[in-house]
Amino acid sequence: MGLSKMSVEQNKVLGDVRAKRDGYRSFDNNSPEDNGSKLFDSLHKNFSSLLDCCRRRPRERDSQGPGGEGEEEGTRGRSLGTLDGVFAPVALSMFSTLLFIRTGFVVGQAGILESVLQLVLAYFILVMTVLSISAISTNGALEGGGAYYMISRALGPEFGGSIGFLFFVANVLAVGLYVTGFVEAMIENFGPGGTMVDHAFLKGDHDAWYKYLYCSIVLFVCLGICIVGGAVFAKTSLVIFLVVVICLLSVFVSVFAKSSITEIEYAQQAKHTMERRNITLECFQANESGYVIQEGAYYTGLKAKTFKDNTYAHYQKDYITKDMMTFATVFAILFSSVTGILNGANMSGELKDPSKAIPKGTLFAVMFTFLSYLILIILVGGSCDRCLLLNNYIFLQEINLWKPFVLIGIFAATLSAALGNLIGASRILQALANDHLFWFVLNPATITTKSGNPYVAVLISWFLVQLVLLVGSLNAIAPATSVFFLMSYASVNLACLALELASAPNFRPTFKYFTWYTCTLGLIGSMVMCFLISSLYSSAAIIVMLILAIVLHFRSLPTQWGSISQALIFHQVRKYLLMLDPRKSHVKYWRPQILLMVANPRQCSELINFINDIKKGGLYVIGHVKLGSLDSFTTDPVIEENPKWLGLIDYLKVKAFVEVTMASTVSEGLQHLLRLSGMGGMKPNTVCFGFVDDSPPRDTLSFVGNERKRRFFTRLESGKKVSIDNLFMNVRGGGDSRQLSALEYVKLISDSLKMQKNVCLCRHFDQLSKQSIVNSKKTLFIDVWPVNLFRPDTANFFDNTCLFMLQLACILTMVPGWKSKTRLRVFLCLNAQTDNTLQKQQKLDAFLHQLRIQASVKIVTWDHLVSHLPVMSGNSSEKMTLMERFHAVPKEFIGAINQLITSYSSTTALSFLYLPVPPEDVRESETFLNSLKLLSDNLPPTVFVHGLHPVTSTTL
């Protein structure tokens, strides 16, 4: 009864919650449910599961085990633990070709000291990277895709996709490396002069195409195993690992067990290439006729003299590639063989608990392989003559108590490493395809079997490895492999460093043994070794990564991953905003920081674009006041409004912020926005308004079109269709009343000036078409009338408003589009009978030159207009003060001035006019607004400007 009653009540609660959820859905009916909707669905699902669990009988719950059905479903397909899923694959991949094939090569070329140094350096980079991998992998649920998944979810799709591609290429190169090593060992053992069976193959190492055939056959076997499924290989990896360990132990035992000096033949290929290699050591002896009589060198057992002879480096030519070896090339071969630290992460989709298995398994594998290599280097360096190490890469078979041990170890280590990387490459490719980063190109890679095995991704990876095999030599493939892996490791360290530096509260990995300097050391170490190995490959990898990052950035991927760039930007912006002290601002570095008040964006889209042009890199805020009171709503309606305005910003592609507030009046809302918009030293200094008149507004937003175009390098790519039809209400009709009266509008201007903000009133911007200006075949003008036309007697003075007008007009001529098609023109209004025309023109020209403003001065005489006005009282100082004030003049005079301006505006793109301060008497507000309206009737797009502060500088 208790449970039944509880269920009824809980179902009722859930019903109420879902009802509320439906009420809070996105404003766009065509859009998917928002995150809140998904959260409620998730809560409902989890709550229902909890109720089902409560209703079960105890016996049923006990019989299902601790995980129950939910856990069974969650872990379905995840069957691998730490040992078999991470430790064994990582250790096998790190053993790969170096353990049995190239250890002697490294010691012979670099000597014991440099070999240990290279090993420590390589493992230092690996350990730093493993710490970063462990931190990222324990910071949340890890899905399939391994390292790519970690990097992309940490750095975002742009860098995640580009780095994921590099990591895919690295894995493909590694498969080619390991397959080539496998085949080289086969030829050494079963080819001409083979150590196991002589002439088992018809052709051997001298025929490159036969070698390619053998590599292809081995790779085809790997393909078949991968098609069967990665989990099948993973389940056997532990057995393979044990086999390799047994073979390695046999080597250790053999070195101690065999103490007698034994001569071991050089490799067949070393004999054939002796003359072309110019060996400087006495590794080859010839008789008087020139025939080589020494064809081998000695295994001495553990001897102090042998150890001493092999202590220091002595670089020679490699008998396979015939290239001279250096510290960098030997390190590249060593490092390329120990690059398997991410193989465990690549199997994250098959691991039961990736967050625990990856750190633990990878760290133990790194420690185990390091100790194994260190012991092997010391034993080999102390027991084998350098000539043997340089001329026989599989000498370990000859010194082993039972030769097949080493052969089995070679085959097991190289083949398992190749399989591990082929599986890893296919999983990365599948993850890239599932994220749809590269359009439709990778879509085939998403195809899987019923069990989830991405067989198409495996086939693509197999094909690319076939191309890599054309290189033909392990030592030739190694540098490129090392560079791409090092670049991948550098990116992992970069991702972890960025997460640490961003100080995001949600970055709290359960793995604690890392700091920002371990990430930095890993990053620097990886990049330095990249360029040390090959500056060409490193530069190519970086260029490819940057190109892909730029391509993915222009795609504007609508992912929900979260990007570290946003966290870093926030961190840096906050820091620099604190440093941006408004008390230290200087007029030399002034720039417009504009708040544009918008009632309905449908009727002012051109104005929004115009302000975006004129902001000159300054702050641009689009403000909107929603009338009402919060008490009338259950939730804040501004929260629902914000996404609409952000959608408008995306649609118009302007660099602006959005501020929406709620107030009982527009005037009150404007005060909110002026006080609170911006932050620190970035606060609006200028307010822009549209113009209030009786003309019916036009829906200019609909003319922009529903589909925006953008330039994609040299092509035009269609952007996604952006629907804004349902976001904003339609413009008012001819019979509808304005939301703002003349008195309220003038009050907005007065309030802005009271709050020490510059003011711009913009009229006729529905007529503005920047595209028409750009396409114009004739030169257009930006006109500036730096005089209060309601006080003609002050025409001889320049105040802050005049300078502000010139500054805005000059800024506009710097903007692309405007710059090439428009010229600045300044009008000088004079009385021809009393003013010295030439002197004043020269004075204005000199002033403009001093301000570094390129403009032509146009003389306008208005004697016939000014003479009809009454003489205005006041001396020069009083007139300078009164210049900014509004003075009521007859309508006939305003109409005449309007006709004068119109006569000069046939080729005008935009006009700047002087905006006087509104009258203090509110009863004159209607007169003030009507005078502005009459003055600007029939003009091109016009901006009335009033400035309060100096904005220009003539000093350095």
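1. Let's start with helix 24, the element that gives the most residues to the lining of the largest cavity, with 3. Please keep in mind that this is a predicted model. Helix 24 spans 605-614, and the other elements that give two or more residues to this lining are strand 6 (686-690), strand 9 (758-763) and helix 29 (800-812).

2. The cavity itself is worth a look on screen. Its volume is about 60 Å³, and 13 residues line it. To find its centre, look for Ile611, Ile614, Cys688, Cys760 and Leu808, which lie nearest to that point.

3. What classes of residue make up the lining of the largest cavity? Nonpolar residues account for 12, a polar residue for 1, and no charged residues take part. In total, the structure holds 4 cavities of 30 Å³ or more.

4. Now for the nonpolar cores. The largest has 163 residues, and Phe100, Phe335 and Ile341 are the ones with the most contacts inside it. Helix 5, residues 82-137, gives the most to this core: 28 residues. Apart from this core lies another one, of 65 residues, with Leu596, Leu607, Met662 and Val857 among them. As background, nonpolar side chains in soluble globular proteins tend to be buried together.

5. Ile341 makes a good residue to zoom in on. Leaving aside residues up to four places away in sequence, Ile341 touches Val90, Met94, Leu126, Thr129, Val130, Ile133, Thr362, Val366 and Tyr489. Two threonines, Thr129 and Thr362, are included in that list.

Note on methods
Residues are numbered from 1 along each chain as its sequence is written. This is a predicted model: local features need pLDDT of at least 70, side-chain atom pairs count only at pLDDT 80 or more; totals for chains, interfaces and linings use all residues. Side-chain values use heavy atoms; hydrogens and water are left out. On a 1 Å grid over the protein atoms alone, a cavity is a set of points where a 1.4 Å probe fits but cannot get out, and a pocket is an open set with protein on both sides within 12 Å along at least five of seven lines; lining residues have an atom within 4 Å of a point. Grid points are joined across faces, edges and corners, and a volume is the space filled by probe spheres set on the points. Helices (H or I, at least four residues) and strands (E, at least two) are DSSP runs, numbered from the N terminus. Ala, Val, Leu, Ile, Met, Phe, Trp, Tyr, Cys and Pro count as nonpolar, Asp, Glu, Lys and Arg as charged, and the others, Gly among them, as polar. A nonpolar core is a set of buried Ala, Val, Leu, Ile, Met, Phe, Trp, Tyr and Cys residues joined through side-chain atoms within 4.5 Å. Buried means under 20% relative accessible area, exposed over 50%, partly exposed in between (1.4 Å probe, protein chains only). Contact means heavy atoms within 4.5 Å.
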